[in-house]
Amino acid sequence: MRAVQVQEYGGPEVLRTVETEVPEPGPGQVSVDVAYTGVNFADLKARGEGYRVPSLPFVPGLEVSGRVRALGEGVSGVEVGQEVAALTAGGAYADVVVTDATTVFPLPSGVDLRTAATLPTVLPTAYALVHAVGRLQPGETVLVQGAAGGIGTVVGQLAKAAGASGVFGVVSGAAKAKYALDHGYDDVFVVPSTTDSVQFVDEVRAATGGRGADLTLDPVGGETFRASLASLAVFGRLVSFGNASSAEPWRVGQPELYPTGLSVSGFSILTLAQTAPGALRALTEKAFAAVAEGVVSLPVTAEFPLEEASEAHRLMGGRTSTGKLLLRVA
C-alpha cells in the first residue's frame with residue numbers, strides 16, 4: 001500500500017510517498033480502507049518538529065473517512081465494509097490505517113465520505129471549546145483566534161447557535177476576515193503576525209463596550225495567549241487548545257487571575273482520546289449530530305491527491321488557507 005512518510009524532520013519536501021505493508025488490527029482495533037484524510041496543523045508540527053512523533057520513520061495524519069477493512073479481537077459496534085470516520089494517533093496519510101475501535105464512528109445519515117473526513121478532529125474539538133470546556137451561555141461574547149481555520153469556522157457557527165450575543169474572530173489577512181464573516185462572525189480583527197497580537201485587545205474592548213470577551217479560545221500560545229487573557233471580561237474564561245507559535249508553554253497564576261476572577265482551562269482531543277475515550281465518544285456523537293441536523297458545516301476549500309501531501313502542507317503553512325484541507329486517498 002501507499003503511505004506518506006516523514007523520514008527526517010523539515011519542510012514539506014520531507015514528505016515522501018513509499019510502498020509499505022498493510023497494517024493489521026490488534027485486539028480492540030479496527031483497520032480502515034481510507035477514502036479521505038484530513039490535514040491538520042498538528043501534522044505540520046509533527047513533520048517539522050516531531051510533535052507527538054514516537055519515532056522515525058513516521059506517517060502523519062490524525063483523521064480519516066473510509067470503510068472498515070478488518071476488525072481486531074473483541075471489537076463490536078462496527079462491521080466490515082461499513083462507512084466510518086475515525087480519529088487516529090497517526091498513520092492516516094496512507095491507503096489503510098489502524099486505530100482504536102473507541103475512536104471509530106459510523107457515519108450519520110446523510111453524511112458522505114468526503115464530508116466525514118472533515119469531522120473527527122475539528123467537530124469534537126469545536127463542540128468541546130464552546131460547550132464542554134468553554135461553557136458558553138446565551139448572551140455571552142466569544143473571541144476566537146484563527147477564526148478562518150477549520151476549528152474557527154465551526155466554532156463561529158456553534159457559538160451563534162448557542163445564543164452568543166457577539167462572536168469575534170482574529171485572523172492574519174483580509175481574505176480570511178471575509179471568510180470568517182461569512183461563517184457566523186460579527187466582527188473580525190486582522191493581525192498579520194503573532195508579534196502584533198496585542199493590537200486586538202483594544203479592538204475587543206471597543207467591540208464589547210469596554211467589557212471584554214466572556215470566553216476566549218486560543219490555539220496559538222505565547223504572546224497571543226497573554227493578549228487573549230488581557231481581552232477577557234470580569235469572570236471571563238480562556239481555553240487554550242494548542243501552541244501553534246511553538247512558544248514556551250504558557251504560565252498564569254494568582255496575580256493574573258485574582259483581580260477580575262478569571263479562569264484558564266485547556267483541551268486536547270488527542271489526549272482525551274487516550275485518557276477518557278468514553279467522554280470523547282459522547283462528545284463526538286453530539287458534535288456529529290450538529291452536522292447531521294444542519295447546525296454547522298465545514299467547507300472543504302482545497303483537496304489534493306495523497307502523493308501531493310507536501311502541497312497541502314505548503315498551503316496550510318503559508319497561512320493563507322481557510323476552512324478544511326483534504327487528501328484524496330481512494
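1. Start with Arg135: its relative accessible area is 52%, so it counts as exposed, the cut-off being over 50%. The residue sits in the loop between α3 and β8 (141-145). Its backbone deserves a look too, since phi is positive at about 50° although Arg135 is not a glycine. For context, most residues other than glycine have a negative phi. Keep in mind while reading on that this is a predicted model.

2. Arg319 is another one to check. Here phi is about 65°, again positive in a residue that is not a glycine. You'll find Arg319 in the loop between α11 and β15. With a relative accessible area of 42%, Arg319 is partly exposed.

3. Stay in that loop for Ser321, which lies between α11 (309-317) and β15 (324-328). Buried or exposed, then, for Ser321? Ser321 is buried, because its relative accessible area of 15% falls under the 20% cut-off. Not counting residues up to four places away in sequence, Ser321 touches Lys176, Leu315 and Met316.

4. Next, the α1/α11 packing. Helix α1 (residues 41-49) meets α11 at an angle of about 105°, and their axes are 10 Å apart. That angle is why α1 counts as roughly perpendicular to α11. On the α1 side the contact uses Phe41, Asp43, Leu44 and Arg47, while α11 brings His313, Met316 and Gly317. By type, the residues of this contact split into 3 nonpolar, 2 polar and 2 charged.

5. There's a cis peptide bond to flag: it joins Leu56 and Pro57, with omega at about -5°. Most peptide bonds are trans. Pro57 belongs to the loop between α1 and β4 (63-71).

6. Now the sheet. Which strands make it up, and in what order? Going across, the order is β10-β9-β8-β11-β12-β13, which makes an open sheet of 6 strands with parallel pairing. β10 (187-190) and β13 (263-266) are the edge strands, each pairing on one side only. On average, neighbouring strands are turned by 20° against each other, with direction ignored.

7. At the β10 edge, strand β9 (residues 166-171) runs parallel to β10 and is joined to it by 4 bridges. If you want a spot to click on, Gly169 stands opposite Val188 in β10. Helix α5 (residues 174-181) lies across β9 and β10, and runs at about 165° to β10. Helix α7 (residues 222-230) packs on the sheet as well, touching β8, β11 (213-218), β12 (232-240) and β13. The direction of α7 makes about 150° with that of β12.

8. Last, the nonpolar cores. The largest has 55 residues, and Leu217 and Phe267 have the most contacts inside it. Helix α3 (residues 122-132) is the top contributor, giving 7 residues. Apart from this core lies another of 33 residues, including Val34, Val59, Ala309 and Val329.

9. Leu217 is worth displaying with its surroundings. What does Leu217 contact once its neighbours within four places in sequence are left aside? The partners are Leu129, Val142, Leu143, Val144, Gln145, Val155, Val239 and Phe241.

Definitions and conventions. Residues numbered from 1 in each chain as written. Predicted model: local features only at pLDDT ≥ 70, side-chain atom pairs only at ≥ 80, totals over all residues. Heavy atoms only, no water. Core = buried A, V, L, I, M, F, W, Y, C linked by side-chain atoms within 4.5 Å. Buried < 20%, exposed > 50% of the residue type's maximum accessible area, 1.4 Å probe, protein only. Helix = DSSP H or I, 4+ residues; strand = E, 2+ residues; numbered from the N terminus. Contact = heavy atoms within 4.5 Å. Axes fitted to C-alpha atoms, helices over the stretch in contact; angles between N-to-C directions. Parallel < 35°, antiparallel > 145°, perpendicular 65-115°, else oblique. Nonpolar A, V, L, I, M, F, W, Y, C, P; charged D, E, K, R; others polar. Pairing = 2+ DSSP bridges.
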